[in-house]
Amino acid sequence: MASLSAKRNRSLTEGPILKSILWFTFPFLISNLLQTLYGTVDTLVIGKFGSSSGVSAVACGSQLLSMFTFLAIGLSAGGTVLVGQCIGSKDYKHGAKIIGNLIIDFAVISFVLTAISLVFSELFLNWLNVPAEAMAEAVVYMRICSLGIPLIIGYNIVCALLRAMGDSKSPLIFVAVACVINIIGDFTLTGLLKMGVAGVAISTVTAQGFSFLFSLYFIMKKGISFPFTKKDIKFDSKVTAQIFKIGVPMGVQSVLINISFMFITAIINSMGLSASAAMGIGDKIIGFAFMPQSAFSASIAVVVAQNYGAKKMDRAYKAVFYAIAVCVAIEAVFLLVCFIFPHFMPSLFSNDKTVIEMTGLYMKAYCIDGIFTAIAFNLSALLNGCGKTTFNMAQNLISTFLGRIPATWLFSRLPTTNLFLIGLAAPASTAMSIVMLLVYIAVQRKYGNRNE
């Protein structure tokens, strides 16, 4: 393998802060839009050409598969944060070692997760309290999609590395390819050929495969921003320990939070098929609402990592402030739309009036959380960029397991409960996170390392 070196890095440590953030974040936002559309089309197609049981099956199966994907992405984030810091400090030799170890570590991890998902899929779905009417379809969906776990993990690692080097445009091309293939596959296999959830699952895996191969070909041809050869692809226990020191808290956090969502899903599933379908549709719509903070927080983590390496933390703090301001403004607009037209978007996904009504209630509560997550996501990104992932994990777990899950269970036990009341547990737990994050950051700025 020839040295992979190219002029593809973009410094985020200089120039106008707001302009740099917006230009760097825009491809993230479009990528998130396409990725959300990618999953939303699955739900839309199965809702229109299938049944409520199919919607529930796809929603539950997707949630379980997301847990495995987020675990690997969380673990690999330790490497991408370190690569960003190496670029900021111009320590390219160590950056090459980090990338080499990421390749080895996650080739093994991805195949282990695939095996676990295939073998225990039915057991996991039973734990999730999937409605009996949707169980068979959920098993089919999950087993087919499990085959794509190595592909989606590989794709996300390639994209994360490119973004750590300041290239947020190339991943946009990769996800656009996947989105187009998935949409064509969904309408062909499920819409025309009536293959149900199996058609949706096959489309998903096929799209993931093309996207990963395209991204891999791209990075091999175009290269990265500093010298990297096949000699760098070797296991180094010290480098792996560095990666996992940052990545393990993020991976564990992702898994436990996903498990918490499964508890919540099980609570809602116990309310019946309509509630389960409404939650599945609502989550897809909310995915669009949360795109701005997801995009900005992903880019802010890279901005902070580079400026942390360059010892320019004042610039990093300003970047976080701008990101929060933009995200809150966008989420305020979405909140108004949800309250004024609660049934418009749900009606695009289902013809069932009961499901549409319940989805509207669920979204009203979640759009309030949009304002809070606009703040919390970007504050968390600040800590991740600095490598302070342990506290991030702790505060997320506290707010989830001491806030959201108990509140969801409590609200579900009320005699006149509905999905709006249950959904209010989300903004309540996010408010807990914001308080903890602000206190921690204030203490760090006053008593911590002055470079930070």
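**View 1. F377 and its aromatic partner, F290.** Let's start with F377, which counts as partly exposed in this predicted model because its relative accessibility is 30%. Its partner F290 is buried, as its relative accessible area is 13%, under the 20% that marks a buried residue. The rings of F290 and F377 meet edge-to-face, with 6.4 Å between centres and 90° between planes. This pair joins distant parts of the chain: F290 lies in the loop between α9 (273-289) and α10 (291-309), while F377 belongs to helix α12 (residues 353-385), 87 residues apart.

**View 2. A cluster of rings.** Here F290 and F377 appear again, linked by ring pairs with Y362 and Y366 into a cluster. Across the whole structure, a search finds 10 aromatic pairs.

**View 3. A charge over a ring.** Look for R445, whose charged end sits over the ring of Y317, 3.9 Å from the ring's centre.

**View 4. Helix α6, from end to end.** Follow the 23 residues of α6 (residues 170-192): the first and last C-alpha are 33 Å apart, close to the 33 Å expected at 1.5 Å a residue. Buried residues in this helix include F174, V175, C179, N182, D186 and L189. Just after α6 comes K194, with a positive phi of about 55°.

**View 5. Confidence along the chain.** The protein chain averages a pLDDT of 80, and 93% of the residues score at least 70. Over residues 1-8, though, the pLDDT is below 50, and this stretch has 29 contacts in the model beyond near neighbours in sequence. Where pLDDT is low, please don't read the predicted coordinates in detail.

Terms used:
Residues numbered from 1 in each chain as written. Predicted model: local features only at pLDDT ≥ 70, side-chain atom pairs only at ≥ 80, totals over all residues. Heavy atoms only, no water. pLDDT = per-residue confidence, 0-100. Contact = heavy atoms within 4.5 Å. Helix = DSSP H or I, 4+ residues; strand = E, 2+ residues; numbered from the N terminus. Expected span 1.5 Å × (residues − 1). Buried < 20%, exposed > 50% of the residue type's maximum accessible area, 1.4 Å probe, protein only. Phe/Tyr/Trp six-rings, centres within 6.5 Å; stacked < 30°, edge-to-face > 60°. Lys NZ or Arg CZ within 6 Å of the ring centre and 35° of its normal.
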